[in-house]
Amino acid sequence: MQPLGALVPAAMLAQSHEEASMSRSTCECGAPILRAVDDLGCIDCGQPCCPVCAYVLESVAYCAFCASQFLEVTEYRAER
């Protein structure tokens with residue numbers, strides 16, 4: 001098995017590392033994004049989302065609108 005550097009040029013490795021950096025610190029829903037891995041996007045429409053406002057099914061994130069297209073979304077209100 002060859003090392004990764006032999007298969008991928010160093011310039012491409014550096015570029016992919018730069019793309020992995022965080023581009024925003026707050027989601028559109030208002031939740032803070034503390035780690036780059038939490039900066040998600042809807043697989044259907046590409047809408048930016050985070051673990052707070054995304055619906056993650058089998059490692060794939062969907063925004064609320066796209067998830068409502070194929071899930072039965074019920075409104076739940078906590079009684080205080």
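**One aromatic pair and a buried arginine**

Hi everyone, let's start with the aromatic rings: counting rings whose centres lie within 6.5 Å, this structure has one aromatic pair. The partners are Tyr62 and Phe70, and they meet edge-to-face, with 4.9 Å from centre to centre and 70 degrees between the planes. If you wonder why I quote two numbers, it is because a pair of aromatic rings is described by the distance of the centres and the angle of the planes.

Is Tyr62 buried or exposed? Tyr62 has a relative accessibility of 15%, so it counts as buried, since the cut-off for buried is under 20%. Phe70, on the other hand, comes out at 43% and therefore counts as partly exposed.

Before going further, please keep in mind that this is a predicted model. How confident is the predictor? The mean pLDDT of the protein chain is 74, and 62% of its residues reach 70 or more. Where is confidence lowest, and where is it highest? The lowest mean belongs to helix 2, at 42, while strand 4, residues 60-62, has the highest, at 93. Along residues 4-20 the pLDDT is below 50, and that stretch makes four contacts in the model beyond near neighbours in sequence.

Now for the overall layout. The protein chain has three helices and four strands, and if you read along the sequence, the pattern is α-α-β-β-β-β-α. The chain is 80 residues in length, and 18% of them count as buried. Its accessible surface is about 6,600 Å², with 56% of that belonging to carbon and sulfur atoms. As for contacts between residues at least 6 apart in sequence, 7% of them join residues at least 24 apart.

Let me finish with a residue I enjoyed looking at, Arg24. You can find Arg24 in the loop between helix 2 (10-19) and strand 1 (40-41). Arg24 has a relative accessible area of 17%, so it is buried. What does the side chain of Arg24 reach? One partner is the backbone oxygen of Cys49, at 3.0 Å. Another is Asp39: the side chains of Arg24 and Asp39 are joined by a polar contact of 2.6 Å. Leaving aside residues up to four places away in sequence, Arg24 touches Ile33, Asp39, Leu40, Pro48 and Cys49. So when you turn the model on your screen, try picking out Arg24 together with Asp39 and Cys49, because Arg24 is one of the buried residues and has side-chain links to Asp39 and to the backbone of Cys49.

How values were computed: Residues are numbered from 1 along each chain as its sequence is written. Side-chain values use heavy atoms; hydrogens and water are left out. Helices (H or I, at least four residues) and strands (E, at least two) are DSSP runs, numbered from the N terminus. Buried means under 20% relative accessible area, exposed over 50%, partly exposed in between (1.4 Å probe, protein chains only). A polar contact is a pair of N or O atoms within 3.5 Å; within protein, one must be able to donate a hydrogen and the other to accept it, and residues adjacent in sequence count only if both atoms are side-chain atoms. Contact means heavy atoms within 4.5 Å. Rings of Phe, Tyr and Trp (its six-membered ring) pair if their centres lie within 6.5 Å; planes under 30 degrees apart count as stacked, over 60 as edge-to-face and the rest as tilted. pLDDT is the predictor's confidence in each residue, from 0 to 100. Accessible areas come from the Shrake-Rupley method with a 1.4 Å probe; for residues, only the protein chains shown count as cover.
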